[in-house]
Structure formats: C-alpha cells, structure tokens
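User: Hi! I would like a close look at one part of this model, explained in a connected way with the cut-offs spelled out.

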Amino acid sequence: MKQYNVGIIGATGMVGQRFATLLENHPWFNVKVLAASPRSAGQTYEAAAGSRWKMAVPMPESMKNMILMDASADIEKIASMVDFCFCAVDMKKDEIKALEEAYAKAECPIVSNNSAHRFTPDVPMVVPEINPDHIEIIKAQRQRLGTKRGFIAVKSNCSIQSYVPALHPLRKFGLKNVLACTYQAISGAGKNFETWPEMVDNLIPYIGGEEEKSEQEPLKVWGEIKGNEIVKASTPSITTQCLRVPVSDGHTAAVFVSFENKPSKEEILRLWADFKGVPQELELPSAPKQFIHYFEENDRPQAKLDRNLENGMAVSTGRLREDTQYDYKFVCLSHNTLRGAAGGGVLLAELLAAKGYFD
Ligand SMILES: NC(=O)c1ccc[n+]([C@@H]2O[C@H](COP(=O)([O-])OP(=O)(O)OC[C@H]3O[C@@H](n4cnc5c(N)ncnc54)[C@H](OP(=O)(O)O)[C@@H]3O)[C@@H](O)[C@H]2O)c1
C-alpha cells in the first residue's frame, strides 16, 4: 500500500493524543506535522503536551521533539508537507468550519472529529461499516469548494457509535421507534478523574447538545446521496437521554426498539454475528475482524472489561430480550475515544486512502 504523510491538528488535546498513539506505527500513515493553537506553536510536542498527557501509553518517542505548528497561521505550509490532516480542535463552531474549509481549499483533505461540518449537506459523515458509499459526495463538495484534492470528511458523534451499528442490520425489518439512554464516559468531555474529581461518585443528567446529535446524526448516516447532497433518512423516530457517568472510557447505551415486521431473537443475533462491512472486506488495518460481539452473560458488556475489544474498534452488545412496550431491548457499548473518536477517524482515513481519495 502507498504511504501517506499526515498531520494532526489539535495534536495536544485528548483526541489529538489518541491520534498520535494510534498513528505511531501505522502501516500506511506517517505523521509529519503536529499542530495546535498559538499557545503551543513553536514548542516541542513534549514541552507543550507532556504535562497533560492523558494516554495510558507514553508519548511516541518519534514525536516528542517535533515542533508544533500553528494550526491557523501555517495552513499553506502544512498543506505543502502532508497528503491530508486529521483534525480535533476545541474552538467555536464557526471557527472550526472556517479552519477546515481553509485546509480543504489549500488542497489538504481533512478527516475531522469535530462536529462543525456534520450537517453540511455535501460533507460525508461516515461510519465505514455502515455508509462507506457516502464518500462519493466528495466529488460534489470539491466542485463547490473549487478544489482538485481538498475536501472535508467527518466522523459521527461518539454517542451513536454504540447503538447505530447494532440497529443498522435490523433496518430491513422496518425500524419504527428507537429509544436510547446513553451512559457516557468522562473522557468524552476531554477529562479524566484527576481533572474532573467532581465526577467521582456522581452522575450528571445533562451533556450539552448531545441528545440532539444522538437523535439526528443517525438519520444522516442512514441517508442517501441525491444530487449534490446527502438527504437524511426519515425513519426511524429516535428519542434519547444522555447522561455523564463516572466511567473513564466507554459509552454504554440501553436501547429499546420496535419494528414494522418484528424479527425473531435468533434473526437479530444472526444478523449481528454476520455483519461485515467494507472495512472487513478490504481488511483495512484498523478494522475489527468481528464488528459486533454479542455477550450471552447477563452482566456484560461492561465498560471496564469490554471497551478494549479488538483494540477498542469493535462494538459489544448484550441482554437482548423482548420488551412489554417495545419489541426488544438490549445494551451496547463502544470505546468513545477509540471507535468513537480517533480510531473511527483513522478507519475513515483508511477507507478514503483505499478508495484513492488522497491521491
Ligand atoms: N466522537 C468524536 O469524534 C469526538 C470525541 C471527542 C471529542 N471530539 C471533538 O474533538 C475536538 C477536540 O476534543 P478534545 O477532547 O481533544 O479537546 P481538548 O483536549 O480540549 O483539545 C483541544 C485541542 O484544540 C486545540 N486548540 C484550541 N484552540 C485552538 C486554536 N485557536 N487553534 C488551533 N488549535 C486550537 C488545542 O491546542 P492547545 O493545546 O494549543 O490549546 C488542543 O490541541 C472537539 O471538537 C470535540 O468535540 C470528537
């Protein structure tokens, strides 16, 4: 496979650190640029991020002495050094929109973990096992931006990564109503227990903007390309409650679902077991071999035991049973900063690379 030079914009942050560790020994992608705010620019990665390193594994040796660039002031220079960039920054939404478009217009494709462009109609929001075909909208986006190579592709919010994969193969039974309560880890807020001690022995019943994202993003992921845009699916009807819980990593969802044509429990389990997508067919380096794992034990999946399944890229399900108000209920879990953030971004980039979008 061809080798690609890549940059990480927001390298000092929680998601950026995850990108750095995932890309350290990547078979296709070589990190050439680390960028962050003007506060960090000009310092080595170690000086700027060493004291706030939040990963369980150490900072990659090969990156410690790299000098951080200024994500906004150095766009042209960065674009000339890499084939594409990952982006995960904490800025205002309109600033992120403008920053990502500026990179695209400088002919530097952006694979983004930010939410700013998720509902831009010609920006694909991709879960590679579910809607890999949405990357074809990039042609229309390039026309709008007036670019040859540059474009923006985004991954979805971490909360939907746990339940949308489990629901996807069941759509053929006419998914009607979905109720999902999510129990979300503190790393989703860029925090750990040292930086957020108030979360020990606590639960906060509100995560700003999360319920809207959790209800709307699945409909874009299940949407279809019509002309120059992705038109959202009109079903199912989704309602959610999103809670912050005292868990370091791993978002759990308790899901209730009803169908037009109710499948049997065996049919659901078979569809989960057999679910393979393009990443598995193409054997992309970060793709889990088995996307959805079902646990028979009543007390699984558990965040602490099961979030790292298949390097944190698989989704775990369990407790599938009939319900008195909906047809079925079940539980699912995914690692929010691996599959739900940087790992999902790397898998999307692998899909784009395999399909020639960075050439
Ligand atoms: N599912 C997902 O895709 C997912 C999951 C979690 C988070 N996110 C998103 O990823 C983004 C980053 O989250 P995080 O938890 O990693 O945040 P974080 O730990 O607060 O890190 C923020 C990063 O943004 C950089 N930054 C801040 N202001 C900047 C500016 N003006 N110009 C350039 N860079 C700037 C920071 O650089 P300095 O260190 O120099 O300040 C740092 O590298 C957010 O948009 C978040 O919503 C997505």
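What is the order of the six strands in the open sheet, and what kind of pairing do they have?

Analyst: Happy to help! A word on the source: this is a predicted model, where local features need pLDDT of at least 70 and side-chain atom pairs count only at pLDDT 80 or more, while totals for chains, interfaces and linings use all residues. Residues are numbered from 1 along each chain as its sequence is written.

The six strands of the open sheet follow the order E10-E7-E11-E14-E13-E12, and their pairing is mixed. Strands here are DSSP runs of type E with at least two residues, helices are H or I runs of at least four, and both are numbered from the N terminus. Two strands pair if DSSP finds at least two bridges between them. At the edges sit strand E10 (237-244) and strand E12 (292-295), each pairing on one side only. On average, neighbouring strands of this sheet are turned by 20° against each other, direction ignored; the axes behind such angles are lines fitted to C-alpha atoms, for helices over the stretch in contact, and angles otherwise run from 0 to 180 degrees between N-to-C directions.

Let's zoom in on one edge. E12 runs parallel to strand E13 (residues 315-322), and four bridges join them. One bridge pairs His293 with Ser316 in E13. As background, strands of a sheet pair through backbone hydrogen bonds, either parallel or antiparallel.

Two helices lie across this sheet. Helix H8 (residues 210-221) crosses E7 and E10, running at about 145° to E10. H7 lies across strand E7 (175-184), strand E11 (251-259), E12, E13 and strand E14 (328-334), at about 130° to E14. Contact means that the C-beta atoms of two residues, placed from the backbone, lie within 7 Å.

Why is H7 described as largely enclosed by the rest of the structure? Eight of the eight residues of helix H7 (residues 160-167) are buried, so the helix is largely enclosed. Among these buried residues are Ile160, Tyr163, Val164 and Leu167, along with Gln161 and Ser162. A residue is buried if 20 or more other C-beta atoms lie within 10 Å of its own, exposed if 12 or fewer, and partly exposed in between, with C-beta atoms placed from the backbone.

For context, the chain has 13 helices and 14 strands, and buried residues make up 48% of its 359 residues. Of the contacts between residues at least 6 apart in sequence, 77% join residues at least 24 apart. The C-alpha trace spans about 60 × 50 × 35 Å along its principal axes.
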